[in-house]
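Reader: I've got a structure open at the bench and I'd like to talk it through. Can you take my questions one by one?

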Amino acid sequence: MPRRRASQQTARGLTPVEIAALVFTLLWLGLVGWFFLTLPEDAARLTRGDPLRFMTTLLGVALPVALIWVATSTARTAQTMREESARLRAAMETMRESYDASQTRAAEELRGALDARIEEMNQAQAVLGAELAALQNPKAAVLTAPVRPDPPAGRPVAQGALALETEPEAEPLPPEDFIRALNFPETDRDAEGFRVLRRALEHHGTGQLVTASQDILTLLAQDGIYMDDLTVHRADAVLWRAFAEGNHGSDVAALGGIRDRSSLALTAARMKEDTVFRDAAHHFLRTFDRVFADFAPRATDGEITAFANTRTARAFMLCARVAGTFD
């Protein structure tokens with residue numbers, strides 16, 4: 001505001017430079033007038049009679065005045081440019097401060113959102129781990145043998161049936177439930193997800209894969225690696241079927257669709273240094289290989305594609321690339 005007010009005042013009135021130029025102009029004109037007034041009559045008559053001398057005299061009088069005002073105009077232009085430059089610098093400084101403040105606010109909001117998301121995912125994993133533990137622990141049952149009366153004399157004692165029969169294997173899950181279970185519940189309020197998960201744990205093979213997947217996902221989360229954050233390059237269902245049939249190595253290398261370098265580096269370092277992680281990863285890969293081989297023949301290409309987008313399949317892609325399954 002002070003600069004703008006000073007500029008407006010300058011535009012309305014004379015500047016000190018212009019006042020000085022006006023004073024010098026008046027002094028010069030006064031000096032020239034005094035000179036011509038005191039000039040002898042003969043010299044004045046000689047000047048009036050010669051046009052060339054008259055023009056020379058006129059230039060001698062006007063040229064200093066013109067130079068004075070040219071210098072004054074230059075000084076005023078320079079002053080205006082300095083004021084404009086100062087206003088431009090002030091505007092740029094204001095814009096920079098505003099940009100820095102907006103960037104700081106955006107960074108704080110993003111950090112808060114990430115912290116909230118990580119906290120929500122940690123809570124969901126904790127709830128999921130508790131549900132799995134509760135579902136896997138068998139209920140304690142106290143078996144009491146009934147007291148039988150003595151058989152009547154003379155009657156043979158019937159041989160009791162031996163309890164050698166094992167509980168029949170549960171029916172395989174429908175593909176949509178299988179896929180839903182291996183993607184795990186979205187939040188701790190996903191009742192349908194937990195229902196499907198409980199049903200999956202009743203099936204021996206699927207329950208093993210769910211447990212192994214939960215273990216490896218929990219270990220990866222300790223390094224800040226979450227499956228929802230990874231970008232996956234999807235492979236064709238034909239390659240997944242080839243893998244289910246036992247093809248490994250470079251023929252199915254496109255299944256390793258995780259390209260995130262930081263996640264691959266962290267997982268590789270953990271695989272080398274942490275024996276618990278390494279054992280969990282190899283157990284998970286073996287279980288995945290076995291269970292997926294049973295699932296693939298009864299699934300359509302669309303269901304295999306949906307399965308490849310689950311958290312369990314993403315964990316397989318990451319761990320399999322690090323373990324060298326596709327080498």
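**The nonpolar patch and its surroundings**

Author: Sure, starting at the surface of this predicted model. Leu14, Ile19, Leu22, Val23, Phe24, Leu26, Leu27 and Trp69 make a nonpolar surface patch of about 790 Å².

Reader: Which helix gives the largest share of that nonpolar patch?

Author: Leucine 14 sits in the loop between helix H1 (2-12) and H2, and H2 itself covers residues 16-37. Six residues of the patch come from one element, and that largest share belongs to H2.

Reader: Is leucine 14 buried or exposed?

Author: Leucine 14 is part of the patch. The cut-off for exposed is over 50% relative accessible area. Leucine 14 has 58%, so it counts as exposed.

Reader: And what about proline 16, how far is its C-alpha atom from that of arginine 76?

Author: Proline 16 is found in helix H2 and is exposed, with a relative accessible area of 67%. Along the chain, proline 16 and arginine 76 are 60 residues apart, yet their C-alpha atoms are separated by 9.9 Å.

Reader: Stepping back, how many helices does the protein have?

Author: From the N terminus on, the elements run α-α-α-α-α-α-α-α-α-α-α-α. There are zero strands, and the helices come to 12.

Reader: Of the contacts between residues at least 6 apart in sequence, what percentage join residues at least 24 apart?

Author: Some background on the chain: it has 327 residues, and buried ones make up 30% of them. The protein exposes about 21700 Å², with carbon and sulfur atoms supplying 60% of that. As for those contacts, the share joining residues at least 24 apart is 79%.

**Around H5**

Reader: How many of the nine residues in helix H5 are buried?

Author: H5 spans residues 175-183 and is mostly covered. Its buried residues are Pro175, Asp177, Phe178, Ile179, Ala181, Leu182 and Asn183. They pack against helices H6, H7, H10, H11 and H12. Out of nine residues, the buried count is seven.

Reader: Which residue follows H5 with a positive phi?

Author: Most residues other than glycine have a negative phi. In the loop between H5 and H6, though, there is a residue other than glycine with phi near 65°. That residue is buried, with a relative accessible area of 3%. The residue following H5 is phenylalanine 184.

**Helix pairs**

Reader: How are H6 and H7 oriented to each other?

Author: The axes of H6 and H7 come within 7 Å and cross at roughly 120°. Leu197, Ala200 and Leu201 in H6 meet Thr206, Gly207, Val210 and Thr211 in H7. Angles from 65 to 115 degrees count as roughly perpendicular, and the crossing of H6 and H7 is roughly 120°. H6 and H7 are therefore oblique.

Reader: And how is H9 oriented to H10?

Author: Thr267, Arg270, Met271, Lys272 and Glu273 in H9 meet Thr275, Phe277, Arg278 and Ala281 in H10. The two helices pack at an angle of about 105°, with their axes 6 Å apart. That makes H9, relative to H10, roughly perpendicular.

**Salt bridges**

Reader: How far apart are the closest N and O atoms of glutamate 93 and arginine 96?

Author: Both residues lie in helix H4 (residues 51-136), and being three residues apart they are separated by about one helical turn. Glutamate 93 is partly exposed at 34%, and arginine 96 is partly exposed at 43%. They form a salt bridge, and its closest N and O atoms are apart by 2.6 Å.

Reader: Which residue joins Glu93 and Arg96 in a network of salt bridges?

Author: The count of salt bridges in the model comes to 11. Glu93 and Arg96 are in a network with one further residue, Asp100.

Reader: Which residue forms a salt bridge with glutamate 192?

Author: Glutamate 192 lies in helix H6, and its partner is three residues away, about one turn of the helix. Glutamate 192 is partly exposed, at 37%. The closest N and O atoms of the pair are 2.6 Å apart, and the partner is arginine 195.

Reader: How many residues apart in sequence are the parts tied together by arginine 311 and aspartate 228?

Author: The side chains of arginine 311 and aspartate 228 meet in a salt bridge (3.1 Å, N to O). Arginine 311 lies in helix H12 and aspartate 228 in the loop between H7 and helix H8, so the pair ties together parts whose separation in sequence, in residues, is 83.

Terms used: Residues numbered from 1 in each chain as written. Predicted model: local features only at pLDDT ≥ 70, side-chain atom pairs only at ≥ 80, totals over all residues. Heavy atoms only, no water. Helix = DSSP H or I, 4+ residues; strand = E, 2+ residues; numbered from the N terminus. Buried < 20%, exposed > 50% of the residue type's maximum accessible area, 1.4 Å probe, protein only. Patch = residues over 30% accessible without salt bridge, like charges linked within 9 Å, V, L, I, M, F, W, Y side chains within 5 Å. Areas by Shrake-Rupley, 256 points an atom, 1.4 Å probe, with all protein chains shown as cover. Salt bridge = Lys/Arg side-chain N within 4 Å of Asp/Glu carboxyl O. Contact = heavy atoms within 4.5 Å. Axes fitted to C-alpha atoms, helices over the stretch in contact; angles between N-to-C directions. Parallel < 35°, antiparallel > 145°, perpendicular 65-115°, else oblique.
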